[in-house]
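Reader: Please take me through one sheet of this model in close detail. Then show me what lies around it and elsewhere in the chain.

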Amino acid sequence: MLDIKDRIINKKATIAVVGLGYVGLPLAVEFAKQGFKVLGVEIDDRKVASLNRGNSYILDVEREDLREVINSARLVPTTDYSKLKKADAIIICVPTPLRKTGEPDLSFVLSAVSEIKNYFNRGKAVILESTTYPGTTEEIILPLLEKKGFKAGKDFYLAFSPERVDPGNVRFKTRDIPKIIGGVTKKCAQIAGLLYKQIVEKVIFVSSPRVAEMVKLLENSFRSVNIALANETALICNRLGIDVWEVISAASTKPFGFMPFYPGPGIGGHCIPTDPMYLVWKARLSGYEPRLIKTAQEINSYMPHYVIDKVISALNLRKKTVKGAKVLVVGITYKPDVNDLRESPALEIMEELLNKGANLSYFDPYIPELKFGNRKFKSLKLNSVRVKDFDCVLIVTNHSRIDYSVFKNCKLIIDTRNAIPWKGKNLEKI
Ligand SMILES: NC(=O)c1ccc[n+]([C@@H]2O[C@H](COP(=O)([O-])OP(=O)(O)OC[C@H]3O[C@@H](n4cnc5c(N)ncnc54)[C@H](O)[C@@H]3O)[C@@H](O)[C@H]2O)c1
């Protein structure tokens, strides 16, 4: 019988991906496209049924690619954990959200590992990809897997390798993004590295899982802090009567020492609002109270309120109250060209506008319907006659598919994304 190393090299290894969401599904399809047999273990039976019908619910996974690997049975989606008995390598891609108290919620990871334990035997590799605080792999997962009397590096292999995918990014796909790997032992790192070399151009080894865990949190805290700086600059520029977009565009001409980040109506998705708080929590446990990362989160969380104030005062200038005003929100996903609504600032803005009595509609080519409490909304079909009826058009997300020319003669446009290319009395930017 071949050991795991030879099975990977000969593409005989069966790879299991646990959690087929934005991260897990593209990864599973990539391994299957490279000729591996892949098990996709997912607790949501609707997702499993959809995949088995060849329908992708993740935009980055093309229907044709999915159908090819499903029809050839190279990817087998299932809700049945017992199939893991046959897996050589198990990659965990389950959610790592925050609790209501703002603390890390590892319940999905723990529940996945407790299932994996039931079908675990010698020679297998387990890799955690879910974003988490430094120490999770060695302090939480390692003892659970070693409970069987197995020793990591000898009887099984355990590593952390953060997912760095950027949904909706057409330039950098799974293959192009270097993979960071931190193994519990050297052998663990080698096996994980060998596995990922089958699907990515470059793997980068770090000395431990906790370094790899920290790398991911630094990357996302870096984004959060820089977005906060762009947002704060926008708030200052607004008071000074300066166009922040012009400032950033000119600063970006510096060939070194400056990297443009842009202001917006707030941050969303599963990463930027969440991951820095994992770091804050862990730092506090070690006796350090983070300041910069926390302040950045506060500035970013303030932005939806700033946008609402902007809507209210712009309507007020036009002798309108927000109560009863017809407001059209354009683009409601958390970022362009994805169908992901998680933590989207648009939801907070829409809820507040509804609470204040606005007569609300929305348009988003990626979200045909939206349930809001007990109310249901349908995305409008846009045309220049129809949009003229609105007292305010609020641009929250600028999908590349939106034709902005239909807004040319609107009464009022509030553009939080610098999406509108013309100037006019009816236009206010943040
Ligand atoms: N979405 C991103 O852009 C992104 C990028 C990098 C890293 N990450 C990280 O990757 C992880 C996964 O994120 P995601 O966006 O793919 O989440 P997701 O919610 O899209 O997908 C997770 C999937 O796991 C399933 N699941 C939950 N518990 C399970 C269990 N016990 N067994 C099997 N399946 C289970 C869910 O039903 C869901 O389909 C998170 O830690 C996230 O922070 C996400």
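Author: Start with one pair of residues: Lys 326 has Asn 359 in β10 as its bridge partner. The model is predicted; local features need pLDDT of at least 70, side-chain atom pairs count only at pLDDT 80 or more, and totals for chains, interfaces and linings use all residues. Residues are numbered from 1 along each chain as its sequence is written.

Strand β9 covers residues 326-330. It pairs with β10 in the parallel sense, over five bridges. Pairing here requires at least two bridges found by DSSP between two strands. Strands (E, at least two residues) and helices (H or I, at least four) are DSSP runs, numbered from the N terminus.

Now the whole sheet. It is open and has five strands, in the order β10-β9-β13-β14-β15. The pairing is parallel. At the edges stand β10 (359-363) and β15 (427-429), each paired on one side only. Neighbouring strands are turned by 20° against each other on average, direction ignored. Angles run from 0 to 180 degrees between N-to-C directions, and axes are lines fitted to C-alpha atoms, for helices over the stretch in contact.

Helix α11 packs on this sheet. It touches β9, β13 (392-395), β14 (413-415) and β15. Its direction makes about 155° with that of β13. Contact means that the C-beta atoms of two residues, placed from the backbone, lie within 7 Å.

Helix α11 (residues 292-317) also meets helix α10 (residues 275-285). Their axes come within 10 Å and cross at roughly 145°. On the α10 side, the contact uses Pro 276, Met 277, Leu 279 and Val 280. Ile 293, Lys 294 and Gln 297 face them from α11. By class, this contact has five nonpolar residues, one polar and one charged. Ala, Val, Leu, Ile, Met, Phe, Trp, Tyr, Cys and Pro count as nonpolar, Asp, Glu, Lys and Arg as charged, and the others, Gly among them, as polar.

Next, a hairpin. Strands β11 (residues 369-372) and β12 (residues 375-378) run antiparallel and are joined by four bridges. Glu 369 has Lys 378 in β12 as its bridge partner. Two residues separate the strands, and Gly 373 in the turn has a positive phi of about 60°.

There is a second open sheet. Its eight strands follow the order β3-β2-β1-β4-β5-β6-β7-β8, with mixed pairing. β3 (75-78) and β8 (203-206) each have a single partner strand, so one side of each edge strand is left without a neighbour in the sheet. In this sheet, neighbouring strands are turned by 25° against each other on average, direction ignored. Strand β7 (residues 179-183) pairs with β8 in the parallel sense, over four bridges. There, Ile 180 stands opposite Ile 204 in β8. Helix α7 (residues 186-197) lies across β4, β5, β6, β7 and β8, and runs at about 155° to β7.

Finally, the domains. An automatic or database assignment sets the bounds. Domain 1 spans 4-207, and domain 2 takes in 256-267 + 300-429. Their centres, taken over C-alpha atoms, are separated by 37 Å. Four residues from domain 1 and six residues from domain 2 make the contact. The domain 1 side of this contact has three nonpolar residues, one polar and no charged ones.
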